[in-house]
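Work through these exercises with the model open beside you. Try each task before you read its solution.

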Amino acid sequence: MSTSGGTKAVVAALVANLGIAVSKFVAFLFTGSASMLAESIHSLADSGNQGLLLFGGRQAKRAADEEHPFGYGRSRYFYAFVVAVVLFTLGSLFALFEGYEKLRHDEGHGIEKPGVAIGVLVVAIVLESFSFRTAIVEANHVRRGEGWFAFIRHSKSPELPVILLEDFGALVGLVLALIGVVLTAITGDGVFDALGTMSIGVLLGIIAVILAVEMRSLLIGEGANPRERVQVERMLVDHPEIDALIHLKTLYIGPEELLVAAKVSMIASLSFNDVARVINEAEVSIRDAVPTARIIYIEPDVCRPDAAAGAESARP
């Protein structure tokens with residue numbers, strides 16, 4: 001995925017959420033609605049999350065050094081994981097606590113000036129929809145026909161999946177808050193506002209867990225996807241002077257940086273210079289087929305049946 005698409009979606013979400021957070025908090029001051037307070041904290045947390053994603057993107061651009069010879073690409077994974085934690089602690093837990101407190105102490109009481117809350121929520125839904133639409137458009141450029149769940153599950157770039165889930169959760173949360181406020185305005189019973197707040201907390205918790213699981217997998221280290229692996233294997237075994245692919249290991253060291261390490265058997269009659277030439281040719285063909293393959297190590301070896309079998313059994 002190109003970094004620019006993810007950055008555009010992050011900036012759009014940041015601008016929308018900052019404006020929405022302020023309007024929701026002002027509405028809370030006028031109405032006393034727990035749902036409005038939970039939603040304002042939700043939008044504020046989302047704004048902080050987007051700031052973290054942008055900061056992680058800047059950190060990832062730092063040049064490689066002696067301490068980090070493969071660069072800082074995984075910074076984007078780390079800050080996306082932090083986003084999941086922030087979303088859970090600031091958003092989910094606060095909403096659950098606020099809803100519980102409202103349910104416990106304010107049962108039977110309505111909210112003041114419900115029209116203000118409803119108006120702000122409707123405007124927020126419109127603004128959030130524009131942010132969500134931007135994320136969808138940018139994701140459509142890179143998801144290659146994958147379903148949305150598959151895209152979120154398999155994407156090596158964290159920004160778009162995070163923004164997609166955040167914006168989706170924000171829209172659903174706004175609808176839940178709107179339902180709670182409307183029912184409270186109709187019945188005069190604050191229990192609906194409290195339940196709406198707690199529903200927002202549950203929703204944010206689910207999204208946070210999904211994000212944390214996916215970002216944890218990327219932090220630990222994921223290999224090339226099946227399509228990329230097949231392409232790399234083909235570029236190696238199709239070379240006329242490579243006898244066999246003994247084993248292949250891949251690892252994403254950053255969203256657009258794939259490490260490829262392969263051990264191959266070559267024609268026995270090749271000279272040292274010929275081996276070097278074959279390796280260079282294979283590297284060029286791999287990079288042409290899989291542009292994210294930035295770092296490639298190819299080791300010539302003798303193909304032994306026991307070693308090949310062990311390599312195959314070690315494949316994930």
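Two residues are in contact when heavy atoms lie within 4.5 Å of each other. Keep in mind that this is a predicted model.

**Exercise 1. Serine 131**

Task: Find which helix holds serine 131, decide whether serine 131 is buried or exposed, and list what serine 131 touches.

Solution:
- Step 1. Locate the residue. Serine 131 sits in helix H4, residues 114-140.
- Step 2. Check its accessibility. The relative accessibility of serine 131 is 2%. The cut-off for buried is under 20%. Therefore serine 131 counts as buried.
- Step 3. List the contacts. Leaving out residues up to four places away in sequence, serine 131 touches Ala12, Ala13, Ala16 and Asp167.
- Step 4. Look for a polar pair. The side chains of serine 131 and aspartate 167 make a polar contact at 2.9 Å.

**Exercise 2. Glycine 19**

Task: Place glycine 19 in its helix, classify its exposure, and state how far glycine 19 is from leucine 44 in space.

Solution:
- Step 1. Glycine 19 belongs to helix H1, residues 3-31.
- Step 2. Its relative accessible area is 40%. Partly exposed lies between the 20% and 50% cut-offs. So glycine 19 is partly exposed.
- Step 3. Glycine 19 and leucine 44 are 25 residues apart in sequence. From C-alpha to C-alpha, they are 9.5 Å apart in space.

**Exercise 3. Helix spans**

Task: Test the spans of helix H6 and helix H7 against 1.5 Å a residue, then say what follows each helix.

Solution:
- Step 1. Take H6, residues 159-187. H6 has 29 residues, and its expected span is 42 Å. The distance from its first C-alpha to its last is 42 Å, close to that expectation.
- Step 2. Take H7, residues 191-220. H7 has 30 residues, so it should span 44 Å. Its end C-alpha atoms are 43 Å apart, which agrees.
- Step 3. Read on past the ends. Glycine 188 follows H6 and has a positive phi, near 75 degrees. Glycine 221 comes just after H7, with a positive phi of about 125 degrees.

**Exercise 4. The sheet**

Task: Give the strand order of the sheet, explain why E1 and E3 are edge strands, and find the helices that pack on the sheet.

Solution:
- Step 1. Order the strands. The open sheet has 3 strands, E1-E2-E3, with mixed pairing.
- Step 2. Find the edges. E1 (242-254) and E3 (293-301) each have a single partner strand, so one side of each lacks a neighbour in the sheet. The average twist from one strand to the next is 15 degrees.
- Step 3. Examine one pair. E1 and E2 (residues 257-266) run antiparallel and are joined by 10 bridges. They form a hairpin with 2 residues between them. Leucine 251 has leucine 259 of E2 as its bridge partner. Leucine 248 is partnered by alanine 262 in E2.
- Step 4. Add the helices. H8 (residues 226-237) lies across E1, E2 and E3, at about 145 degrees to E1. H9 also packs on the sheet and touches E1, E2 and E3. The direction of H9 makes about 145 degrees with that of E3.

**Exercise 5. Confidence**

Task: Find where in the chain confidence is lowest and where it is highest.

Solution:
- Step 1. Start with the chain. Its mean pLDDT is 82, and 91% of its residues reach 70 or more.
- Step 2. Compare the elements. Confidence is lowest in H10 (residues 305-314), at a mean of 47, and highest in H9 (residues 272-289), at 95.
- Step 3. Inspect the weak stretch. Residues 308-316 have pLDDT below 50. Beyond near neighbours in sequence, this stretch has 7 contacts in the model.

Terms used
Residues are numbered from 1 along each chain as its sequence is written. This is a predicted model: local features need pLDDT of at least 70, side-chain atom pairs count only at pLDDT 80 or more; totals for chains, interfaces and linings use all residues. Side-chain values use heavy atoms; hydrogens and water are left out. pLDDT is the predictor's confidence in each residue, from 0 to 100. Helices (H or I, at least four residues) and strands (E, at least two) are DSSP runs, numbered from the N terminus. Two strands pair if DSSP finds at least two bridges between them. Axes are lines fitted to C-alpha atoms, for helices over the stretch in contact, and angles run from 0 to 180 degrees between N-to-C directions. The expected span of a helix is 1.5 Å times one less than its number of residues. Buried means under 20% relative accessible area, exposed over 50%, partly exposed in between (1.4 Å probe, protein chains only). A polar contact is a pair of N or O atoms within 3.5 Å; within protein, one must be able to donate a hydrogen and the other to accept it, and residues adjacent in sequence count only if both atoms are side-chain atoms.
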